[in-house]
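Please open the structure in a viewer and keep the selection tool at hand. The tour below proceeds stop by stop, stating at each one what to select and what is to be found there.

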Amino acid sequence: MARALINVPPKAKRGEIIEIKALIQHEMETGFRVGTNGNMIPRDIITDFICKYNGEEIFRADLHPAISANPFFAFFTTATESGTISFEWVGDNGFAAAESATITVE
Amino acid sequence: MTQHDDHLHATRRRFLTDAAALAGSLGLGLSLTLKPATATPATMQAALKKVVGEAPLQKGKVKLDVPPLVENGNVVPVTVTVDSPMTASDYVKAIHIFNEKNPQPNVIGAHLGPRAGRATISTRIRLADTQNLTAVAELSDGSFWTDSVQVIVTLAACVESL
Amino acid sequence: MKRAAAIILIALAVEAAALAAEIPLAERKSGYDFMGPDSRAMQDDDTANPGMFWVLDGEALWKRKAGVADKSCADCHGDATTSMRGVAARYPAFDAARGRPVDLEQRINICRAERQNATPFSFESKELLALTAFIGRQSRGMPIEPASDDRIKPFLEAGRELFNRRQGQLNLSCSQCHDDNWGQKLAGAPIPQGHANGYPIYRLEWQTLGSLQRRLRNCLVGMRAESYPLGASEYVDLELYLMWRARGMKVETPAVRP
């Protein structure tokens, strides 16, 4: 599975707005480059990124080839309860990756 | 060449331009060369229309943050912030980013909800050339707001191969 | 008219001699200082720095048994956070058996071949980059301390000569851009001083991690000069000089650079 780096604060106060960062290793081949053999290198990108908080979707992104290699996202959510923040990446050629982090909300 | 040939050439040329114009108006890109068609202000407008539909696109509320002169067009940090209370009845549903000179106009479509607390997203994008970048925010009340920035992109001074 | 021309020529000659000088130690700046705040933030945050993927891969490779000897790096060197601390900061180092300095990539491959009895990794391979990044990371924040004994002197001089040599169709030397014109713009981008204090780097232009040799080859091609073959001793001599030039500056591996 491709490596992913997640940044979720381990602790937060109830109602606090927290920043979440996610970075995944992926070349994001655009499908617009010409290879050394003169043929177009086929597209191979991550198309969807989904973040869930205790199973409920809190952020989703539809990606296109214009997203740089090793896609990075930073977004916010409200710390409502303790639990698991899970991340899912889906892409071309059956690409699938998942990662999760726990958060304690007091 | 005879006058007859000239007439035929003119007619054929006329047909191709008309076909391209028709294709263009239908939102299709008629590419007559092998290299990928690049987005144009027209295809960007078409992509925008797909998201916004007939609703008016209003200036305001959205702030698109990009370095005015990027260090490298392959990795351009972008942040979009939308002025919104992010309550259950008044929040940002989605933030879209479009470009006008990459091979295709869409960059990202991010879907949020009131739980976000703050309508700010950051990512890193590729920009092929100096161009306009446009961000569109869709609010829970069905309104659409936008901001546009001109980004200057230069090629790296020392390249890998000639 | 002739006298004025002579004065101008003399002035230019004097200026040229004065310009071909090294950057005073106190004026040295890392490539980090020439980057914008976003790139700096990318480097500073281990969860936002794509170079860390290779460091993590290197950590895994460090523990993997390899070769006929069926040994891992850890079997001899133990915990890298202690045994490799400060190592990258003093490379290239003199190798007595070879009678010349070797860089970190060569050192890793020497271990692979001689201690693990495994096939050396090819240049710019995922594995070699991962291990160099992992080992380099253990020196992060430490001052660069290249070797300074007498054995190293002739190679350091060879490296200095390469740095100051005019090359290629543009007849440029490294020194002309990086000693004389750092801070000025080249095609809209600021010219850094050219310190090799963060390698291997995640270069935005490559959208991947790459070695100093890769970057030097880019420079040579940019100057329209013939690049040396991969693994050539010229690169090691040049790296030795670059590290001497950056002595005292902090290691930033894995750095992010435009």
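## First stop: a residue in chain A

Select F73(A), which is found in strand β6 of chain A, residues 72-78. Please bear in mind throughout that this is a predicted model.

Is F73(A) buried or exposed? F73(A) is buried, because 22 other C-beta atoms lie within 10 Å, and the cut-off for a buried residue is 20 or more. Next, display the residues that F73(A) touches, leaving aside those up to four places away in sequence: A22(A), F49(A), A61(A) and T123(B). Of these contacts, A61(A) may be selected together with F73(A): the two are 12 residues apart in sequence, and their C-alpha atoms are 9.2 Å apart in space.

## Second stop: the sheet across chains A and B

Now extend the selection from β6(A) to the open sheet of 6 strands to which it belongs. The strands can be followed in the order β1(A)-β3(A)-β6(A)-β6(B)-β3(B)-β2(B), and their pairing is antiparallel.

Which strands stand at the edges? They are β1 of chain A, residues 4-7, and β2 of chain B, residues 62-65. Each has a single partner strand, so one side of each is left without a neighbour in the sheet. Looking from one strand to the next, the reader will find a twist that averages 15°.

At the chain A edge, select β1(A) and strand β3(A), residues 17-24. These two strands run antiparallel and are joined by 4 bridges. Within this pair, L5(A) has L23(A) of β3(A) as its bridge partner.

## Third stop: strand β4(A) and its partners

Select strand β4(A), residues 46-53, and then strand β7(A), residues 83-91. The two run antiparallel, with 7 bridges between them. Here C51(A) stands opposite F87(A) of β7(A).

Add strand β5(A), residues 56-63, which is joined to β4(A) by 6 bridges and runs antiparallel to it. F49(A), already met as a contact of F73(A), has A61(A) of β5(A) as its bridge partner. The hairpin of β4(A) and β5(A) has 2 residues between the strands, and in this hairpin N54(A) takes a positive phi near 45°.

## Fourth stop: where chain A meets chain B

Keep β5(A) selected and add strand β5 of chain B, residues 106-111. The two strands run antiparallel and are joined across the chains by 4 bridges. A61(A) has a bridge partner here as well, namely A110(B) in β5(B).

How many residues of chain A are in contact with chain B? There are 19, and they meet 26 residues of chain B. On the chain A side, β5 and β6 each supply at least two residues. The largest share, 7 residues, comes from β6(A). By class, the chain A side that touches chain B has 13 nonpolar, 4 polar and 2 charged residues.

## Fifth stop: where chain B meets chain C

Move on to the contact between chains B and C, in which 16 residues of chain B are in contact with 16 residues of chain C. The side of chain B that touches chain C has 10 nonpolar, 4 polar and 2 charged residues.

## Sixth stop: the domains of chain C

Colour chain C by its domain assignment, which gives domain 1 as 30-46 + 144-257 and domain 2 as 51-137. Taken over C-alpha atoms, the centres of the two domains are separated by 22 Å. Their contact takes 27 residues from domain 1 and 22 residues from domain 2.

On the domain 1 side of this contact, the elements that give two or more residues are β6 (208-210), α10 (212-222) and α11 of chain C. Which element gives the most? It is α11(C), with 5 residues. By class, this side of domain 1 has 16 nonpolar, 6 polar and 5 charged residues.

## Last stop: two helices of chain C

Finally, select helix α11(C), residues 233-245, together with helix α8(C), residues 153-164. The two helices pack at an angle of about 90°, with their axes 7 Å apart, which makes α8(C) roughly perpendicular to α11(C).

To view their contact, show the side chains on both helices:

- From α8(C), the contact is made by F155(C), L156(C), A158(C), G159(C), R160(C), L162(C) and F163(C).
- From α11(C), the contact is made by E234(C), D237(C), L238(C), L240(C), Y241(C) and W244(C).

By class, the contact of α8(C) with α11(C) has 9 nonpolar, 1 polar and 3 charged residues.

Definitions and conventions. Residues are numbered from 1 along each chain as its sequence is written. Chains are lettered from A and ligands numbered from 1 in the order in which they are written. This is a predicted model: local features need pLDDT of at least 70, side-chain atom pairs count only at pLDDT 80 or more; totals for chains, interfaces and linings use all residues. Axes are lines fitted to C-alpha atoms, for helices over the stretch in contact, and angles run from 0 to 180 degrees between N-to-C directions. Angles under 35 degrees count as roughly parallel, over 145 as roughly antiparallel, 65 to 115 as roughly perpendicular and the rest as oblique. Two residues are in contact if their C-beta atoms, placed from the backbone, lie within 7 Å. Ala, Val, Leu, Ile, Met, Phe, Trp, Tyr, Cys and Pro count as nonpolar, Asp, Glu, Lys and Arg as charged, and the others, Gly among them, as polar. Domain bounds come from an automatic or database domain assignment. A residue is buried if 20 or more other C-beta atoms lie within 10 Å of its own, exposed if 12 or fewer, and partly exposed in between; C-beta atoms are placed from the backbone. Two strands pair if DSSP finds at least two bridges between them.
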